[in-house]
Amino acid sequence: MVRTIELATSSVVSAIQTTGFFAPIVFILFHLIRQFLFIPVAVVCIVGGVLFGGELGSIYSLIGLTGSSILFYSMTKLLPSFYERLVNMKEKYIGAYTNISFGQIIILRLIPFMNFSLICFCILEKAKSFKRYVKLSLVTHIPSCICFTFLGAFLQKLSPLFLGSLMIILFILVYVLREKQAFIKWDDFFVKQKG
């Protein structure tokens with residue numbers, strides 16, 4: 001896993017470095033198209049740390065990921081089939097009546113290969129308006145941007161055992177921080193039989 005991240009990181013770094021003065025803009029735009037190229041968020045944030053340092057890399061990643069979340073929101077409104085596919089994905093992997101808590105969303109964002117769209121969909125279900133969606137997206141991106149950007153500088157020094165232990169801890173936190181209630185709609189609970 002570490003070797004894959006290193007290879008992807010070096011490819012993205014060399015591509016963005018060639019843009020010179022426009023590198024921050026290209027980096028932010030790369031965040032927007034990243035989800036269509038199936039590149040994990042962690043890889044791009046690590047690249048931000050390598051290219052711009054911890055502070056600026058975190059800020060650029062936060063701008064790019066928030067823009068990416070806004071793009072996701074627009075796609076769910078413009079493409080009903082995309083929205084339905086996300087509903088099915090949530091039912092399959094999380095459960096139809098499972099509500100993801102705010103703390104779980106933050107922890108899930110810290111897991112490198114979690115599906116970005118699925119997490120955005122969970123935020124979309126929690127938020128009742130576009131403004132609230134953007135606010136929740138921004139806040140949930142902050143820890144992962146900081147973590148992955150600063151991790152970029154230390155990635156080569158960390159052992160695979162440490163990274164594996166960190167992933168196990170994050171999965172345990174997702175379970176511990178879950179919401180303890182599930183709300184089932186009346187019509188879903190009492191399914192009418194066809195007669």
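What pattern does the chain follow, read along the sequence? The pattern is α-α-α-α-α-α-α-α-α. The legends below cover this predicted model.

**Figure 1. The whole chain is built with 9 helices and 0 strands.** The chain has 195 residues, and 41% of them count as buried. Its accessible surface comes to about 11600 Å². Carbon and sulfur atoms own 69% of that surface. Consider contacts between residues at least 6 apart in sequence: 76% of them join residues at least 24 apart.

**Figure 2. Phe72 and Tyr133 have the most contacts inside the largest nonpolar core.** This core has 34 residues. Two or more residues come from each of α3 (41-78), α4, α5 (102-109), α6, α7 (130-154) and α8. Another core lies apart from it and has 8 residues. Among those 8 are Ile28, Phe30, Val44 and Tyr60. A general tendency fits this view: in soluble globular proteins, nonpolar side chains tend to be buried together.

**Figure 3. Tyr133 touches residues from elsewhere in the sequence.** Neighbours within four places in sequence are left aside here. Tyr133 then contacts Ser69, Phe72 and Tyr73, among others. Its contacts also include Cys120, Ile123, Leu124 and Ala127. Ser137 sits in helix α7. Beyond its own neighbours within four places, Ser137 is in contact with Ser69 and Ile123. Is Ser137 buried or exposed? Ser137 is buried, because its relative accessible area is 1% and the cut-off for buried is under 20%.

**Figure 4. Phe148 is a buried residue of helix α7.** Its relative accessibility is 3%. Which residues does Phe148 contact, leaving aside its neighbours within four places in sequence? They are Ala42, Cys45, Ile46, Arg109, Leu110 and Pro112. Now find Ser61. Phe148 and Ser61 are 87 residues apart in sequence. In space, their C-alpha atoms are 9.6 Å apart.

**Figure 5. Lys90 forms a salt bridge with Glu125.** The closest N and O atoms of the pair are 3.3 Å apart. Lys90 belongs to helix α4 (residues 80-93), and Glu125 to helix α6 (residues 116-126). The pair links distant parts of the chain, 35 residues apart. Side chains of opposite charge can pair when their charged atoms come close. Lys90 is buried, at a relative accessible area of 4%. Glu125 is partly exposed, at 35%. How many salt bridges does a search of the whole structure find? The search finds 1.

**Figure 6. The structure holds 0 disulfides.** A disulfide is a covalent bond between the sulfur atoms of two cysteines. Why does Cys45 form no such bond? The closest cysteine sulfur, in Cys145, is 4.6 Å from the sulfur of Cys45, so the gap is too far for a bond. Cys120 has its closest cysteine sulfur in Cys122, at 9.3 Å. That distance is also too far for a bond. Cys45 counts as buried, at 0% relative accessibility. Cys120 is buried, with a relative accessible area of 0%.

**Figure 7. Seven named residues form a nonpolar patch on the surface: Ile168, Ile169, Ile172, Leu173, Tyr175, Val176 and Leu177.** Together they have about 660 Å² of accessible area. One of them, Ile172, is found in helix α8 (residues 160-176).

Key: Residues numbered from 1 in each chain as written. Predicted model: local features only at pLDDT ≥ 70, side-chain atom pairs only at ≥ 80, totals over all residues. Heavy atoms only, no water. Salt bridge = Lys/Arg side-chain N within 4 Å of Asp/Glu carboxyl O. Helix = DSSP H or I, 4+ residues; strand = E, 2+ residues; numbered from the N terminus. Buried < 20%, exposed > 50% of the residue type's maximum accessible area, 1.4 Å probe, protein only. Patch = residues over 30% accessible without salt bridge, like charges linked within 9 Å, V, L, I, M, F, W, Y side chains within 5 Å. Areas by Shrake-Rupley, 256 points an atom, 1.4 Å probe, with all protein chains shown as cover. Core = buried A, V, L, I, M, F, W, Y, C linked by side-chain atoms within 4.5 Å. Contact = heavy atoms within 4.5 Å. Disulfide = S-S within 2.5 Å.
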